[in-house]
Amino acid sequence: MRFKNLLIVISTIIVCLVTIVSLTDIPTFKISFEEFERIIEETNSLNTVTAYYLNYRLYDTIFEIFVFTLSIYGVVFFLNSVPSIEKHVPFNDPVMNFYSKFAFIISIVAAIYIALVGHLSPGGGFVAGIVAGTGMMIVSLTKNIDEIKDQFKIENISSYEKLILLSVILLTIFPVLIGKRSFQNFLPLGKTGRILSAGFIPLFDLLIFLKVMFGSWSITFYFIKHRGVV
Amino acid sequence: MFLEISLGIILVVLALIVVLQNKPLKAIILSGAFSASAAITYFFIGAPDVAMAEASIGAVFTTFVYIVALKHSGKLRVGYIDQAGLIKRGAHGYEGVEYELLKLFSEDRAMSLEMKKIDSFDSIEKLENFDIICGGMVESTFSGKLRDFMLIPYLETNIFKTKKGEKLDLVRIKNLVLSGQISPQDIDQNTKEFTKYVFLISKESEDVGKALTDFLQNLDKKIFNDIVRRNLG
């Protein structure tokens with residue numbers, strides 16, 4: 001027991017030191033200002049992180065979407081083997097009922113904003129999707145399972161998801177048809193700083209936003225259906 | 001510099017607290033707090049995109065999924081019938097073989113026990129609100145009668161017939177004789193049947209049943225015998 005405690009103390013100190021050192025000694029950026037200018041010129045995206053993962057590294061991002069889709073199917077597949085809860089008891093609290101709707105609206109508006117300006121400021125499709133999914137989750141805590149089914153049309157959601165995945169794949173192949181490389185931008189770059197700029201980056205942001213929103217919502221729905229609300 | 005160091009310390013301390021928790025619910029909520037501080041850290045070291053993702057996924061979404069997943073396993077609802085030696089609320093809290101076994105099991109699974117006394121088995125619907133029902137349940141009495149329950153045997157016993165024709169198990173006979181409700185002469189010594197005491201597990205809590213079976217199989221024989229000797233003599 002004493003040895004175990006000693007081991008815990010030593011490993012804590014090591015982890016603590018490593019964390020602090022890595023947090024205080026962040027390597028300074030080696031990318032020159034010209035490099036930033038080049039990225040912005042080429043993509044017209046002010047957020048260079050988005051420019052990287054939706055333009056230069058779009059191939060990796062597509063696989064991230066595949067992994068996400070696979071994990072959702074995994075959750076749905078395994079939860080379907082669990083019998084669903086017969087007596088579904090939602091939260092029945094007036095304060096919660098009111099604020100959940102409020103939170104839902106706020107999170108959907110915030111999510112759309114984050115998705116649309118992903119190429120101008122911090123944000124993007126993934127975060128926006130999760131924010132919207134969380135909003136849907138909060139509002140569904142106060143509703144009955146049949147009400148949720150009626151309002152969010154869960155059967156349609158899985159078809160939307162497949163449709164979005166298909167359109168993402170088609171959008172990456174489409175440039176080949178018009179004589180460009182695959183995964184290459186085919187839309188006009190527009191004026192820097194506008195929402196409708198940066199070529200296909202906002203389009204992908206929007207598609208990823210919808211995909212992640214429906215995906216995270218499916219996970220929530222199946223959890224509530226098969227395990228019940230807390 | 002000071003901010004980074006303090007954030008680093010907070011992260012490590014929170015992570016340690018989460019790992020050392022033995023109550024799953026507390027651990028989940030604290031890991032949500034950990035995610036929130038991680039998000040703040042990401043923000044200050046120049047990664048607002050990652051901070052947003054961490055805050056929404058780590059602090060809210062994962063916490064919810066974990067809590068729902070924990071729903072059935074966080075609290076063990078036990079319904080019991082008073083039976084001295086097996087389970088009974090005494091002056092110093094609960095005591096008995098079944099209670100001690102359940103306590104060890106709940107500690108092993110980091111759950112809390114919620115005890116409720118049952119007066120009779122007349123209304124089976126009420127029994128569905130429990131994960132485990134105990135209090136000297138005997139295997140042969142319940143086979144077929146309560147089909148909605150899973151039976152987990154843990155201790156062998158004998159069944160005796162009284163002269164009135166009642167079939168009673170060893171602990172019940174002992175308690176009745178000790179309280180003077182029947183005399184030892186009333187018991188028919190020849191009709192001895194072997195059976196086992198069981199825990200009744202509701203079908204909805206099948207996972208609890210599986211975990212309890214595993215626990216009882218892997219329980220140290222010495223500890224088990226000690227519990228039985230201490231309570232039943």
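The following legends describe close-up views of a predicted model.

**View 1. The contact between chain B and chain A.**
In this view, 29 residues of chain A meet 26 residues of chain B. The area buried between chain B and chain A is about 2500 Å², and carbon and sulfur atoms contribute 81% of that area. On the side of chain B, the residues that lose the most area to chain A are B:D49, B:F61 and B:F64, which together account for 25% of what that side buries. Two elements of chain B each give two or more residues to the side that touches chain A, namely α1 (2-20) and α3 (48-70). Of these elements, α3(B) gives the most, with 13 residues. By type, the residues on the side of chain B that touches chain A divide into 18 nonpolar, four polar and four charged. The rule finds zero salt bridges across the interface of chain B and chain A, while two residue pairs are counted in polar contact between these chains.

**View 2. Helix α4 of chain A and its packing.**
Helix α4 of chain A runs over residues 58-80, and its 23 residues reach 33 Å from the first C-alpha to the last, close to the 33 Å expected at 1.5 Å a residue. Among the buried residues of α4(A) are A:L58, A:I65, A:F68, A:I72 and A:L79. The buried residues of α4(A) pack against four other helices of chain A, which are α3 (48-56), α6 (125-140), α8 (154-177) and α9 (201-227).

**View 3. Helix α2 of chain A and what follows it.**
A salt bridge joins A:E42 to A:R38, with the closest N and O atoms 2.9 Å apart. Both A:E42 and A:R38 lie in helix α2 of chain A, where they are four residues apart, about one turn of the helix. A:E42 is partly exposed at 41% relative accessibility, and A:R38 is also partly exposed, with a relative accessible area of 33%. A:N44 lies in the loop between α2 (33-43) and α3 of chain A, and its phi is near 65°, a positive value in a residue other than glycine. A:N44 counts as buried because its relative accessibility is 8%, and the cut-off for buried is under 20%. A:T48, in helix α3 of chain A, is likewise buried, with a relative accessible area of 14%. Leaving aside residues up to four places away in sequence, A:T48 touches A:F36, A:I39 and A:I40.

**View 4. A salt bridge between B:R77 and B:D131.**
The closest N and O atoms of the salt bridge between B:R77 and B:D131 are 2.9 Å apart. B:R77 lies in strand β1 (residues 75-80) of chain B and B:D131 in the loop between α5 (124-127) and β5 (132-138) of chain B, so this pair ties together parts that are 54 residues apart in sequence. B:R77 is partly exposed, with a relative accessible area of 27%, whereas B:D131 is buried at 2% relative accessibility.

**View 5. A network of salt bridges in chain B.**
B:E100, B:D226, B:R229 and B:R230 are linked in a network of salt bridges. Within this network, B:R230 forms a salt bridge with B:D226, and the closest N and O atoms are 3.5 Å apart. B:R230 and B:D226 are separated by about one helical turn because they are four residues apart in helix α9 (residues 221-232) of chain B. B:R230 counts as exposed at 51% relative accessibility, while B:D226 counts as partly exposed at 30%.

Terms used. Residues numbered from 1 in each chain as written. Chains lettered and ligands numbered in written order. Predicted model: local features only at pLDDT ≥ 70, side-chain atom pairs only at ≥ 80, totals over all residues. Heavy atoms only, no water. Contact = heavy atoms within 4.5 Å. Buried area = accessible area lost by both parts, 1.4 Å probe. Salt bridge = Lys/Arg side-chain N within 4 Å of Asp/Glu carboxyl O. Polar contact = N/O pair within 3.5 Å; in protein donor to acceptor, adjacent residues only side chain to side chain. Nonpolar A, V, L, I, M, F, W, Y, C, P; charged D, E, K, R; others polar. Expected span 1.5 Å × (residues − 1). Buried < 20%, exposed > 50% of the residue type's maximum accessible area, 1.4 Å probe, protein only.
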